[in-house]
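Student: Can we go through this structure together? I am new to it and will ask short questions.

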There are 2 protein chains.
Amino acid sequence: MASSSSPKPSFAPIKTRRAFEVICEQIREQLAAGTLKAGDKLPAERELAVEFQVSRSALREALRSLEVAGIIRNVKGAKGGAFVQTAEPDRIVQAMQDYVHLGDISLGELTEARLALQDIIVRLACARATETDLAELEAIAERTKRETSVEARYACAVEYYAVLARATKNRIFGIFVDSLSAILHEFVRGPDYETLQQSLIESRFKLVRHLRAKDEEAAVAEMRKHLERVHRHVRKNSKAAAKG
Amino acid sequence: MASSSSPKPSFAPIKTRRAFEVICEQIREQLAAGTLKAGDKLPAERELAVEFQVSRSALREALRSLEVAGIIRNVKGAKGGAFVQTAEPDRIVQAMQDYVHLGDISLGELTEARLALQDIIVRLACARATETDLAELEAIAERTKRETSVEARYACAVEYYAVLARATKNRIFGIFVDSLSAILHEFVRGPDYETLQQSLIESRFKLVRHLRAKDEEAAVAEMRKHLERVHRHVRKNSKAAAKG
DNA sequence: ATTTCTATAATTGGCGGACCATTAAGGAAT
DNA sequence: ATTCCTTAATGGTCCGCCAATTATAGAAAT
């Protein structure tokens, strides 16, 4: 930003890249290029260390990084090794959770984003949900009724949202929803949550009926009403537990 | 699933958790609890190793994991150490990129999600963008005109989207947009991209005019038209380079 | 011949120590 | 006051070792 008139020194790129970074980079490249695919097994740590001409420690840090990033899985024992993982959105969720914990995101932003997101999802699901999807949603709602613990019912709710997102046939939305669910979970507390849960179940059935009837606007309205109740509760209870 | 009648064995929690995982967990806990805040400095590696009663290697793997997760930053030298980072969405973007590279997500899903997302963003920005935001958008569009290289103009486009997302006053959308931008960047290739870029600039000015006039529907329509042109190009060029 | 047990080898997980490179701070020389 | 050198702190890397775990092959029992 400063001194855009100066002739751009651009000395900078000294940047002593660390060994493990280079290794990660190379492996990621092979991944993007398709040389490495899910299920492939990387050579043993000691072999890789020789190949990359680094110590085993450095290589281990690289593997650890990739494991934490969800790219590989390190399995111990004979026939063990580093296996390229199939894609799982868990790490994205984790990253988002970390981001929120580092304190930049407010509850209001989370709920607003969720509301907007579910709008899209409901509309898409309305257009694309198969009968299988709808039946699954109903089954989950039914199961929620039978569950006894608060936690179990909450798990059902998360699953309901996940299945709904899957009904859009677009996995991106599933990732977003999972992330927001995981983060908002931390706020779901309070004594009156149990009674709220009960009254939310009916709303889930209503939503399925609207979806089956392909009544997009009614479905969206139902979802909004539903979420606004949940968020009102969340906001109230987080205010009580607020640190600020 | 099997034998739900049996009295819940619950032997399970053997699970030899690895040393570095336990360490990461504890530090993450302190982070969520607020005991650790951005800017704080963790003790030196050697001290921490003693405190956690693990070897320095194991501790280093934990720190490395946290660094890769974007939670801390390791700085070398005297007065160096592990510093808790301020929140940055880079890691989320990285995680999403990894997820896509692992092969689960199609281009169609990406573009559809982007389209839907920009719909929301434009609507929110229309309601909330300040004159400062709008001026910044115009400045970026102006700058795009003056840039000569394809890459530089693309960088301007990314920035334009980022500022637009910021105008919603909700950082969640910024993260989503950044992620999709980074991923879609890989597909932006082809000889006719340069001419496309030129014609896109006008669209950006139009969008700002609609936003300033608070004409939500016109703004959304402009953005859709804009993105659909881009995506048509991307799809055409990725088809040529498809591996399947 | 088949099953079961056992020993072995391969492999990652973890540990401890040593040395190097980089950085900041303070003191010495100018 | 400025510059240069020394020193200490710290992360980065490397090496060697042992422990834990698991597939596999071979031995033993049926």
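Student: Which element gives the most to the surface near DNA strand C?
Tutor: α3(B) does, with 3 residues. This is a predicted model, where local features need pLDDT of at least 70, side-chain atom pairs count only at pLDDT 80 or more, and totals for chains, interfaces and linings use all residues. Residues are numbered from 1 along each chain as its sequence is written, and chains are lettered from A and ligands numbered from 1 in the order in which they are written.

Student: How many residues surround strand C, and which are the closest?
Tutor: DNA strand C has 23 residues around it, and the closest are B:R18, B:S55, B:A58, B:G77 and B:A78. Near means a C-beta atom, placed from the backbone, within 6 Å of the strand. Two or more residues each come from α2 (45-52) and β2 (81-84) of chain A, and from α1 (19-33) and α3 (56-68) of chain B. Helices (H or I, at least four residues) and strands (E, at least two) are DSSP runs, numbered from the N terminus.

Student: Now chain A. At what angle do the axes of α2(A) and α3 cross?
Tutor: They cross at roughly 110 degrees and come within 9 Å. Axes are lines fitted to C-alpha atoms, for helices over the stretch in contact, with angles from 0 to 180 degrees between N-to-C directions. The two helices, α2(A) and α3(A), are therefore roughly perpendicular, a label for 65 to 115 degrees.

Student: Which residues of α2(A) make the contact?
Tutor: A:E45, A:R46, A:L48, A:A49 and A:F52, against A:R56, A:L59, A:R60 and A:L63 of α3(A). Contact means C-beta atoms, placed from the backbone, within 7 Å.

Key. Parallel < 35°, antiparallel > 145°, perpendicular 65-115°, else oblique. Contact = placed C-beta atoms within 7 Å.
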